[in-house]
Amino acid sequence: MTDSAGRVVEIPDEVHTVFAAGPTAAVLTYILKPDTLPGWPRALRPSERPYIAAPYRDLPETGRLTGRGGEANLERVLSIEPDLIIDFGSVRDTYVDLADRVQEQTGIPYILVDGRFEATPEALRLVGDILGVPVRGETLAADVEETFARIDALLSEIPEEDRPRVYLARGPDGLETGMKGSINTEIIERAGGRNVADDGGATRGLVNASMEQVIVANPDTIVTWDDNYYAKVFDDPMWAGIDAVQRGRVYLSPVEPFGWIDRPPSLNRMIGLIWMAGLLYPEEWTSDLRDDTRAFYSLYYHVDLDEDELDRLLEWTDGRPR
């Protein structure tokens with residue numbers, strides 16, 4: 001087959017075991033065919049386990065080949081004896097070189113799958129075919145396309161200048177953020193939020209902002225996945241004058257079993273996109289988040305949530321009274 005980087009890779013007719021090169025690939029593999037996953041790049045934490053199907057909660061930690069903390073050595077990979085290594089994300093030269101080197105050293109086929117958010121349907125179809133579950137791949141791809149189309153239809157009626165101005169607050173002080181166009185803020189922008197961390201494209205990725213910059217930007221909406229920041233933002237005098245804080249429009253993203261904003265930037269962001277659309281356009285996005293979450297976790301994560309699990313997951317997703 002030809003992977004997303006244009007590399008021709010010979011793969012087995014049947015793939016029984018997949019080594020995920022990093023968390024993004026692990027999420028993709030688990031969603032499509034969980035019984036091919038021999039372990040997680042990082043073992044699940046206790047708070048994450050209820051949101052993963054029981055047979056896969058206790059899989060061992062395998063480490064990762066790519067990204068920050070890439071500590072999986074090739075002996076570990078070989079001991080697992082995978083039929084295939086998958087990386088899901090960037091297909092830049094750095095990752096091509098790594099894939100070629102690991103494949104040459106281990107003899108294990110290694111494919112790169114384009115992880116851009118807009119390429120999600122293609123990734124699902126491609127890997128679904130490779131893993132022998134083309135029908136599931138097509139079902140999930142069609143579900144993603146339906147969500148994208150619904151958002152596109154909504155946004156077609158809303159001028160750019162009328163869209164909410166959003167700040168992503170990362171870290172316990174809320175001063176790490178993602179610039180416009182970064183993978184970390186992709187769902188905010190895809191859902192129709194105007195990322196206030198915008199310098200015209202001069203800077204990409206994560207940056208440290210100053211409090212003065214946030215005050216000048218004055219977002220009307222703040223989203224965060226850091227519960228330490230969320231616990232103090234409403235009582236912190238430095239944030240008191242920000243429009244989003246004054247209006248009570250600060251929202252805490254779920255992170256179990258995977259983040260809804262990023263962490264990792266994989267298929268888990270689809271439920272975050274649905275949540276974000278409802279936050280930014282509550283009148284136009286007419287669906288119930290509890291129902292959407294229950295359906296998503298069943299279809300994508302192979303787990304049926306009870307009411308208590310839903311309550312814990314969604315506790316502050318709609319903000320809290322001021």
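1. To begin with the pairing of S4 and S6: strand S4, residues 165-169, is joined to S6 by two bridges, and the two strands pair in the parallel sense. Within this pairing, Val166 stands opposite Asn195 in S6. It should be kept in mind throughout that this is a predicted model.

2. The S4 and S6 pair belongs to an open sheet of four strands, whose order is S6-S4-S8-S9 and whose pairing is parallel. At the edges of this sheet are strand S6 (194-195) and strand S9 (250-252), each of which pairs on one side only. Helix H10, which spans residues 269-280, lies across S4, strand S8 (221-224) and S9, and its run makes about 155° with S8.

3. The loop between S9 and H10 deserves a careful look at its backbone, since two cis peptide bonds are to be noted here. Pro257 lies in this loop between S9 and H10, and the peptide bond that leads from Glu256 to Pro257 is cis, with omega near -5°. Pro264 is likewise found in the loop between S9 and H10, and the bond from Arg263 to Pro264 is cis, again with omega near -5°.

4. Both partners of the second cis bond reappear at the largest pocket, where Arg263 and Pro264, together with Pro23, Arg64 and Pro265, are the lining residues that lie nearest the centre. The volume of this pocket is about 1600 Å³, and its lining is made up of 49 residues. Helix H1 (23-32), strand S2 (84-89) and helix H8 (227-233) are the elements that give two or more residues to that lining. Sorted by class, the lining holds 16 nonpolar, 14 polar and 19 charged residues.

5. Strand S2 also takes part in the other sheet to be discussed, an open sheet of three strands in the order S1-S2-S3, with parallel pairing. Strand S1 (18-20) and strand S3 (110-114) stand at its edges with a single partner strand each, so one side of S1 and one side of S3 are left without a neighbour in the sheet. From one strand to the next, the twist averages 30°.

6. As for the contacts inside this sheet, S1 and S2 run parallel and are joined by three bridges, and Ala20 stands opposite Ile86 in S2. Helix H1 packs on the sheet, where it touches S1 and S2, and the direction of H1 makes about 110° with that of S2. Helix H4 also packs on the sheet, but touches S2 and S3, and the direction of H4 makes about 155° with that of S3.

7. Helix H4 has a helical partner as well: the axes of H4 (residues 120-130) and helix H5 (residues 134-155) come within 7 Å and cross at roughly 175°. Because angles over 145 degrees count as roughly antiparallel, H4 and H5 are therefore roughly antiparallel to each other. On the H4 side the contact is made by Thr120, Pro121, Leu124, Arg125, Gly128 and Asp129, while H5 contributes Pro134, Gly137, Glu138, Leu140, Ala141, Ala142, Val144, Glu145 and Phe148. By class, this contact of H4 with H5 has eight nonpolar, three polar and four charged residues.

8. One further backbone point concerns Glu81, a residue other than glycine whose phi is nonetheless positive, with a value near 55°. Glu81 lies in the loop between helix H2 (74-80) and S2, and S2 is the strand that is joined to S1 by three bridges.

How values were computed
Residues numbered from 1 in each chain as written. Predicted model: local features only at pLDDT ≥ 70, side-chain atom pairs only at ≥ 80, totals over all residues. Heavy atoms only, no water. Axes fitted to C-alpha atoms, helices over the stretch in contact; angles between N-to-C directions. Parallel < 35°, antiparallel > 145°, perpendicular 65-115°, else oblique. Contact = heavy atoms within 4.5 Å. Nonpolar A, V, L, I, M, F, W, Y, C, P; charged D, E, K, R; others polar. 1 Å grid on protein atoms, 1.4 Å probe; cavity = no way out; pocket = protein on both sides within 12 Å on 5 of 7 lines; lining within 4 Å. Points joined across faces, edges and corners; volume = space filled by probe spheres on them. Pairing = 2+ DSSP bridges.
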